[in-house]
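Thanks for coming. I will talk through one model today, beginning with a single residue and moving outward from there.

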Amino acid sequence: MLKKLILITVFLSFALPVNAGQFKVTRVYDGDTFKAVGHDIEIKVRLVGVDTPETKKRKHKPGQPFGQKAKKFLSRMVLNKQVFIKGYGTGPYNRILAVVYVDRKNVNLELIKAGLAEVYQGKPPRGFDLSPYLTAEAQAKSQKRGMWSQGGKYISPKDWRKLHK
């Protein structure tokens with residue numbers, strides 16, 4: 001078991017895409033992070049290329065509008081299902097950065113299309129193509145889907161985190 005964990009961690013630590021394979025999602029933490037098991041290991045996955053509105057973390061810290069909707073959307077798509085994970089290394093908090101597929105659907109892209117995520121504003125990992133994500137975001141914005149319905153009141157998750165430290 002330890003050998004498998006080390007092997008998968010080594011493969012997923014590189015910034016090039018690596019097919020990690022099938023995993024079963026056991027817990028969804030928020031709109032862009034979940035826990036999965038497979039290959040005798042448990043991993044935390046952060047959806048690469050997307051940033052979803054923040055959920056309520058503590059009683060005294062509010063959640064961001066559409067944060068719970070993004071979490072529920074991700075839960076409906078992946079919770080207790082077998083997913084295919086294409087890893088792009090690891091990020092902060094030792095989470096696997098990945099594009100996740102369910103029934104050949106790109107979950108990351110589906111969140112953006114639904115207006116429940118924006119394209120991640122940081123530097124993308126090497127080998128990751130943001131262009132379909134940018135196109136989907138522009139379309140969701142123009143159609144005022146999900147969080148984009150807030151118009152000028154919209155605050156990006158990145159800015160929300162800065163305001164609510």
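Please find S156, in the loop that joins α4, residues 131-142, to α5. This is a predicted model, so keep in mind that every value I quote is computed from it. Is S156 buried or exposed? Its relative accessibility is 8%, and the cut-off for buried is under 20%, so S156 counts as buried. What does S156 touch, once we set aside its neighbours within four places in sequence? The contacts are Q64, E118 and Q121.

Next, the chain as a whole. It has 165 residues, and 46% of them are buried. S156 is one of the buried ones. The secondary structure amounts to 5 helices and 8 strands. Reading from the N terminus, the order is α-β-β-β-β-α-β-β-β-α-β-α-α. So much for the order along the chain; now the contacts. Take the contacts between residues at least 6 apart in sequence: 63% of these join residues that are at least 24 apart. As for the outside, the accessible surface is about 9400 Å², and carbon and sulfur atoms account for 55% of that.

Now look at two strands, β5 and β6. β6 covers residues 96-102, and it pairs with β5 in the antiparallel sense, over 5 bridges. For one example of a bridge, take K86, whose partner in β6 is V99. The two strands form a hairpin, with 5 residues between them. Y93 sits in that turn, and its phi is positive, about 65°.

Y93 also brings us to the last topic, the largest pocket. How much space lies in the largest pocket? The figure is about 1000 Å³. Its lining consists of 40 residues, and those nearest the centre are R46, E54, Y93, R95 and R161.

Which elements supply at least two residues each to that lining? They are β1 (18-30), β3 (41-47), β4 (50-51), β5 (82-90) and α5 (157-163). The largest share comes from β1, with 4 residues. By type, the lining has 18 nonpolar residues, 15 charged and 7 polar.

To recap, we began at S156, a buried residue in the loop before α5. We then followed the hairpin of β5 and β6 to Y93 in its turn, and from Y93 to the lining of the largest pocket. That is the end of my part.

Key:
Residues are numbered from 1 along each chain as its sequence is written. This is a predicted model: local features need pLDDT of at least 70, side-chain atom pairs count only at pLDDT 80 or more; totals for chains, interfaces and linings use all residues. Side-chain values use heavy atoms; hydrogens and water are left out. Buried means under 20% relative accessible area, exposed over 50%, partly exposed in between (1.4 Å probe, protein chains only). Contact means heavy atoms within 4.5 Å. Accessible areas come from the Shrake-Rupley method with a 1.4 Å probe; for residues, only the protein chains shown count as cover. On a 1 Å grid over the protein atoms alone, a cavity is a set of points where a 1.4 Å probe fits but cannot get out, and a pocket is an open set with protein on both sides within 12 Å along at least five of seven lines; lining residues have an atom within 4 Å of a point. Grid points are joined across faces, edges and corners, and a volume is the space filled by probe spheres set on the points. Ala, Val, Leu, Ile, Met, Phe, Trp, Tyr, Cys and Pro count as nonpolar, Asp, Glu, Lys and Arg as charged, and the others, Gly among them, as polar. Two strands pair if DSSP finds at least two bridges between them.
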